[in-house]
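Q: I would like to learn how to read side-chain features in a model of this kind. Could we take them one at a time?

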Amino acid sequence: MNFGEKLFRLRTERGIFQKELAEYLEVSIGTISNYENGIHYPDLSALCKFAEYFHVSTDYLLDLTENAMPIDSLNIQLADGCTIGNVLNTVMELSRDWESICLCSGSVRRCPRRSRPSADKGSCSNIRN
């Protein structure tokens, strides 16, 4: 999904009109329309304002991650020196190395693509990367 599609979806899911968003960014309604239609892209300052307004990360807006969690949520401490962001980064590193990850009876193990357990026949659910 490109930036414009993501912007349109975020705006419409929240019931926000282009006019409201344009006023917040101090731009014209036409500029918002151009962003949503992929005609123009925001500069860095506007991109940061979009992220702040919708409470998502700029990485999410730029389609560098599917995770819409805002940065402040990723920095929440789970334990001493461990944040939600650290956990997500570790999972992403593991998924890059594995063909897929199976969660079977509470444990994580590698499941080759050719021999994936069926969810109907076992307790394994597959997560593809």
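A: Let us begin with a term: a salt bridge is a side-chain nitrogen of Lys or Arg within 4 Å of a carboxyl oxygen of Asp or Glu. This is a predicted model, in which local features need pLDDT of at least 70 and side-chain atom pairs count only at pLDDT 80 or more, while totals for chains, interfaces and linings use all residues. Residues are numbered from 1 along each chain as its sequence is written, and side-chain values use heavy atoms, with hydrogens and water left out.

Q: How many salt bridges does the structure hold, and where do R11 and E36 lie?
A: Side chains of opposite charge can pair when their charged atoms come close. The structure holds three salt bridges, one of which joins the side chains of R11 and E36 at 2.5 Å, N to O. R11 lies in helix α1 and E36 in helix α3, so this pair ties together parts that are 25 residues apart in sequence; helices here are DSSP runs of H or I with at least four residues, numbered from the N terminus. Both R11 and E36 are buried, a word that means under 20% relative accessible area, with exposed being over 50% and partly exposed in between (1.4 Å probe, protein chains only).

Q: Which residue forms a salt bridge with K6, and is K6 buried or exposed?
A: K6 forms a salt bridge with D63, the closest N and O atoms being 3.0 Å apart. K6 counts as buried because its relative accessibility is 3%, whereas D63, at 37%, counts as partly exposed.

Q: How should a pair of aromatic rings be read, and which rings are linked with F50 into a cluster?
A: A pair of aromatic rings is described by the distance of the centres and the angle of the planes. Rings of Phe, Tyr and Trp (its six-membered ring) pair if their centres lie within 6.5 Å, and planes under 30 degrees apart count as stacked, over 60 as edge-to-face and the rest as tilted. A search of the whole structure finds five aromatic pairs, among them F3 with F50, which is edge-to-face at 5.7 Å centre to centre with 65° between the planes. That pair links distant parts of the chain, since F3 is in helix α1 and F50 in helix α4, 47 residues apart. Y35 and F50 also form an edge-to-face pair, at 5.7 Å centre to centre and 75° between the planes, and ring pairs link F3, Y35 and F50 into a cluster.

Definitions and conventions. Helix = DSSP H or I, 4+ residues; strand = E, 2+ residues; numbered from the N terminus.
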